[in-house]
Amino acid sequence: MNWKERILLILLASVNFTHILDFMVMMPLGNFLMPYFNISPGQFSVIVASYSISAAVSGFAAAFFVDGYDRKKVLLFGYIGFTIGTICCGIAPTYLLLLIARITAGLFGGLIGAQVLSIVADSFPYEKRGQAMGILFSAFSLASIVGVPSALYLAGWLGWHAPFLSIGGLGFIIILLLMRYLPSMSAHIHGERIKPMIMLRNVLTSRVQLVALGLSGTLMLGHFLIIPFLNPYMEFNVGFTDTQRNMIYMVGGIATFITSPLIGKMADKYGKHNTFMFFALVSLIPIFLITNMPAIKYYYVLMVTGIWFVLSTGRGIPAQAIISNVVPAEQRGSFMSFNGSIQQLFSGLASLIAGMIVISKPDHTIVHYSWVGYLSIIIVLASVFIAKKLRGYEQ
């Protein structure tokens with residue numbers, strides 16, 4: 001890659017870092033928020049899901065117009081609103097106001113992911129896109145290595161407000177860098193804009209697009225069923241201390257940071273479909289182990305969770321490369337907005353479903369987490385069969 005391509009990916013990865021961290025940090029903050037606001041696991045899952053569901057709504061609405069505008073302007077608009085919403089989360093004094101702030105952040109955040117993926121897909125040919133997606137996905141790793149442990153440390157030191165205020169402050173710095181260094185992205189704009197109903201009909205009548213959206217949805221559902229109650233389960237059931245609990249994200253983040261670019265190159269070399277199938281099937285093993293974990297030595301747990309993070313990322317990198325290529329460039333912004341909407345919707349549904357299954361006892365131990373794991377395994381297997389339907393359909 002040349003230096004312009006690297007700068008572009010660093011900027012987009014920075015946007016992803018804060019966007020992902022804002023979503024990720026809410027889940028381990030359950031240990032702080034549930035006693036602070038005196039809320040149940042079900043109410044906490046509503047806070048987690050509210051961001052995703054509102055982002056799904058705005059992403060769906062955005063799909064009807066984003067391809068008519070410069071991708072840089074759409075990304076900036078969404079990111080500025082997201083940053084303000086995140087700061088509002090940090091100063092929310094009540095459960096209701098926190099919920100409203102999360103919805104606000106989600107409404108703007110719903111524009112971000114699709115634009116980032118669209119910019120990458122527009123800027124890199126399919127033969128190099130696996131590597132580009134691998135670098136982009138390293139933002140997930142950095143959020144786990146640096147972001148979540150630092151946010152949890154700040155929450156323990158200064159209170160749960162501090163992580164959101166820190167993310168918001170970092171967001172304003174990134175806004176200035178985007179304004180200065182992100183180039184205009186308007187090459188996809190040409191001809192007359194497609195009417196919203198025609199655009200929606202094109203998606204609903206396209207088998208390949210529906211299958212691609214199904215793949216995206218099942219991946220998110222299978223993954224985020226596990227995440228919301230991972231932290232409480234490890235603390236109250238497995239017996240992790242605060243330090244050991246933070247190590248889950250740090251070890252997983254380091255592992256995925258190292259492996260993400262390698263997985264991207266692997267997808268380009270051996271094929272996106274083959275790479276996806278391998279990682280999806282192998283990931284079923286740590287899903288079972290994590291959700292049935294007894295009280296054992298913490299370093300064994302860290303090995304399993306670290307492998308799970310790597311395998312989950314290994315599913316996502318080739319899958320997003322495949323999904324980004326099922327439509328031509330002039331339709332990509334709209335389709336990726338639909339895709340982002342599906343991702344947010346299903347990650348929110350995952351939190352709600354997990355909240356309905358999991359029960360917290362008076363001593364805070366988590367019950368029925370294994371049921372969540374079995375459901376996740378079924379859904380990941382379903383994603384494998386869905387992905388097979390996409391072979392040979394890329395543009």
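Helices here are DSSP runs of at least four residues, numbered from the N terminus. I keep that in mind for this predicted model.

**Entry: Phe-309**
I looked up Phe-309 and found it in helix 15. That helix covers residues 298-323. Is Phe-309 buried or exposed? Its relative accessible area is 8%. The cut-off for buried is under 20%, so I note Phe-309 as buried.
I then paired Phe-309 with Met-199. They are 110 residues apart in sequence. In space, C-alpha to C-alpha, Phe-309 and Met-199 are 36 Å apart.

**Entry: Ser-260**
Next I went to helix 12, residues 242-270, where Ser-260 lies. Ser-260 has 0% relative accessibility, so it counts as buried. What does the side chain of Ser-260 reach? I found the backbone oxygen of Thr-256, at 2.6 Å.

**Entry: the cysteines**
A disulfide is a covalent bond between the sulfur atoms of two cysteines. How many disulfides does the count come to? I get zero. Cys-88 is in no disulfide. The nearest cysteine sulfur to that of Cys-88 belongs to Cys-89, 7.3 Å away.
Why is there no bond from the sulfur of Cys-89 to Cys-88? The two sulfurs would have to be within 2.5 Å. The sulfur of Cys-89 is 7.3 Å from that of Cys-88, its closest cysteine sulfur, so the gap is too far for a bond.
I also checked exposure for both residues. Cys-88 is partly exposed, with a relative accessible area of 35%. Cys-89 has 0% relative accessibility, so I note Cys-89 as buried.

Terms used:
Residues numbered from 1 in each chain as written. Predicted model: local features only at pLDDT ≥ 70, side-chain atom pairs only at ≥ 80, totals over all residues. Heavy atoms only, no water. Buried < 20%, exposed > 50% of the residue type's maximum accessible area, 1.4 Å probe, protein only. Helix = DSSP H or I, 4+ residues; strand = E, 2+ residues; numbered from the N terminus. Polar contact = N/O pair within 3.5 Å; in protein donor to acceptor, adjacent residues only side chain to side chain.
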